[in-house]
Amino acid sequence: MTRAVMIVGGGIGGLVLTRALAQLGIDVVVLERAPKLRAEGAGITLGANAMRVLAGLGLADAVAAAGRELRAASITDARGRVLATSDFTALSERLGAGHAIHRSALHEILARDLEVAGRATDARVSVRCGTTVTAITAPEIGAPVVTLSDGSTAHPDAVIGADGLHSSVRALVMGELPIRYAGYTCWRWTGTVPGAASDLDTVEMWGAGARVGLVGLPGDQVYAFFVANAPRGTAQDPAARSLASVAARFAEFGGDVPRVLAAMAAGGPILHHDIEEIEVRPWSRGAVGLLGDAAHAMTPNFGQGAAMAIEDAIVLARELAGHDDVAVALRSYEARRRDRVDDLQRGARRLGAVAQWRSPLARWARDLAVRCTPAASSQRALEKILAHVP
Ligand SMILES: Cc1cc2nc3c(=O)[nH]c(=O)nc-3n(C[C@H](O)[C@H](O)[C@H](O)COP(=O)(O)OP(=O)(O)OC[C@H]3O[C@@H](n4cnc5c(N)ncnc54)[C@H](O)[C@@H]3O)c2cc1C
């Protein structure tokens with residue numbers, strides 16, 4: 001059995017993997033490049049599939065208590081006229097509830113008491129922030145040799161790159177791979193919106209080459225995202241991040257959007273990222289493997305990227321605990337995850353493309369199709385995503 005794993009990246013996937021390995025008796029060292037384990041100031045939704053994995057690790061109650069249950073989601077046009085609503089009540093009864101939560105609250109829960117996560121199994125967990133990898137030797141057979149940014153070397157049984165879309169582990173062992181730009185850029189903000197949050201379920205408003213999403217968080221907090229077609233690199237332009245730029249691009253939107261934009265004037269960071277994805281084949285080389293966004297970053301249109309990292313983590317932990325040969329464990333992990341992840345990556349890409357349509361005729365046909373789709377058929381599609389047991 002694998003005894004010691006080095007995880008590069010203390011994001012959602014890396015921290016869930018740490019806990020899963022420690023509970024199975026495997027020692028873990030986490031390297032996180034940032035000076036602290038922390039998350040950006042935005043919200044995130046975790047579907048029932050992710051919540052069930054977190055329940056298995058003893059974390060779901062804390063997430064539910066710090067989050068807000070997802071009860072329904074609507075799609076509207078830019079003026080706020082409802083095209084379709086999915087009520088999650090019946091799905092939640094069968095599969096468990098999904099939750100919306102502030103990313104920093106989720107991160108705090110995942111990082112809490114991490115060093116003692118292996119207490120029951122005597123597994124040791126250590127976290128080294130402000131540290132990264134500078135070189136990895138990944139022989140086809142045998143343990144990798146890792147050089148750290150402090151100049152030291154380490155000899156873990158396995159190295160897992162959980163270091164996100166721009167993974168250094170991937171670049172070191174697989175070279176630079178193409179990252180695909182989806183064609184749209186996204187601003188995110190979380191803050192208090194008086195009067196909007198108390199009864200707000202998830203809503204996504206579809207306009208012309210632009211979308212706004214609003215998600216109710218606990219208290220009076222709203223997580224808002226704004227998505228617009230734009231040339232690649234828009235997120236690198238500091239002027240594009242300003243509230244004035246966001247307000248101008250989304251001026252056509254009604255409903256709660258003017259209130260949210262007014263609340264954004266009171267402050268709070270606006271995060272801005274171009275939406276990108278990557279396909280990697282295979283996800284491992286020798287005893288070095290990838291997890292989450294490092295392996296398969298997807299467009300966020302299903303709100304399932306973090307959930308995929310969480311599902312990856314539990315499968316990978318079981319495979320590493322179940323095999324003597326790490327390379328075999330990593331290949332088996334990929335075989336168990338590949339179809340699921342490919343399906344969601346493709347589906348999210350298609351949904352995003354349709355939601356970002358600009359042409360008035362195409363949008364008219366799209367909105368009609370959304371209005372006419374029977375609720376039962378949307379529920380079936382959702383159930384397929386949420387019922388998965390990794
Ligand atoms: C706009 C947007 C909205 C989204 N909304 C949702 C949603 O609602 N629900 C959902 O499930 N998913 C959502 N996602 C996707 C989700 O955020 C990601 O899939 C998820 O964060 C991936 O987790 P990860 O741990 O693989 O990588 P990351 O979250 O990227 O974490 C990587 C970690 O590695 C660290 N790191 C990076 N490089 C190094 C290095 N060289 N050395 C050491 N450490 C390093 C980083 O600091 C970070 O802590 C969204 C994504 C976007 C862009």
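**Entry 1. Met6**

I began with Met6, which I located in strand 1, residues 4-8. The model is a predicted one, and I kept that in mind throughout.

I asked whether Met6 is buried or exposed. Its relative accessibility is 5%, and because buried means under 20%, Met6 counts as buried.

I then looked up which residues Met6 touches, leaving out those up to four places away in sequence. The list holds Val29, Leu31, Val146, Leu148, Ala154, Pro156, Ala158, Val159 and Ile160.

I also checked the separation of Met6 from Ala224. The two are 218 residues apart in sequence, and their C-alpha atoms are 35 Å apart in space.

**Entry 2. The ligand and its surroundings**

I turned next to the ligand and asked how many residues surround it. I found 29 residues, and the closest are Glu32, Arg103, Thr132, Ser168 and Asp293.

Two of these closest residues I examined through their side chains. In Ser168, an N or O atom of the side chain is 2.8 Å from a nitrogen atom of the ligand. In Asp293, a polar side-chain atom lies 2.7 Å from a ligand oxygen atom. For Ala307 I noted a backbone atom instead: a polar one is 3.3 Å from an oxygen atom of the ligand.

I then looked up how far the protein covers the ligand. The ligand taken alone exposes 1,000 Å², of which the protein buries 85%.

Which elements give two or more residues to the shell around the ligand? I listed helix 1 (12-23), strand 2 (27-32), strand 3 (43-46), strand 13 (180-192) and helix 10 (305-322). Helix 10 gives the largest share, 3 residues.

I sorted the shell by residue class as well. It divides into 10 nonpolar, 13 polar and 6 charged residues.

**Entry 3. Ser167**

I looked up Ser167 and found it in the loop between strand 12 (158-161) and helix 6 (168-174). Ser167 has a relative accessible area of 2% and is therefore buried, the limit for that word being under 20%.

What does the side chain of Ser167 reach? It reaches the backbone nitrogen of Arg170 at 2.9 Å. A polar contact of 2.6 Å also joins the side chain of Ser167 to that of Asp163.

Setting aside neighbours within four places in sequence, I found Ser167 in contact with Leu290 and Ala294.

**Entry 4. Helix 2 and helix 12**

In helix 2, residues 48-56, I recorded Ala48, Asn49, Ala50, Met51, Val53 and Leu54 as buried. Just after helix 2, Gly58 takes a positive phi of about 80 degrees.

In helix 12, residues 360-372, I looked up Asp367. Its relative accessibility is 12%, so Asp367 counts as buried. Apart from neighbours within four places in sequence, Asp367 is in contact with Asp77 and Leu83.

**Entry 5. Cysteines**

I asked how many disulfides the whole structure holds. The search finds 0.

I then compared the accessibility of two cysteines with the limits. Cys129 has a relative accessible area of 28% and is partly exposed. Cys372 stands at 57%, and because exposed means over 50%, Cys372 counts as exposed.

**Entry 6. Backbone angles**

Before reading the angles I noted a general rule. Most residues other than glycine have a negative phi, and most peptide bonds are trans.

I looked in the loop between helix 5 (103-111) and strand 8 (125-129), where Asp113 is placed. Phi of Asp113 is near 50 degrees, a positive value in a residue other than glycine. Asp113 has a relative accessible area of 56% and is exposed.

Asp122 is also placed in the loop between helix 5 and strand 8. Although Asp122 is not a glycine, its phi is positive, at about 65 degrees. With 66% relative accessibility, Asp122 counts as exposed.

Where does Pro282 lie? I found Pro282 in the loop between strand 17 (271-277) and strand 18 (284-285). The peptide bond from Arg281 to Pro282 is cis, and its omega is near -10 degrees.

Terms used. Residues numbered from 1 in each chain as written. Predicted model: local features only at pLDDT ≥ 70, side-chain atom pairs only at ≥ 80, totals over all residues. Heavy atoms only, no water. Near = heavy atom within 4 Å. Polar contact = N/O pair within 3.5 Å; in protein donor to acceptor, adjacent residues only side chain to side chain. Areas by Shrake-Rupley, 256 points an atom, 1.4 Å probe, with all protein chains shown as cover. Helix = DSSP H or I, 4+ residues; strand = E, 2+ residues; numbered from the N terminus. Nonpolar A, V, L, I, M, F, W, Y, C, P; charged D, E, K, R; others polar. Disulfide = S-S within 2.5 Å. Buried < 20%, exposed > 50% of the residue type's maximum accessible area, 1.4 Å probe, protein only. Contact = heavy atoms within 4.5 Å.
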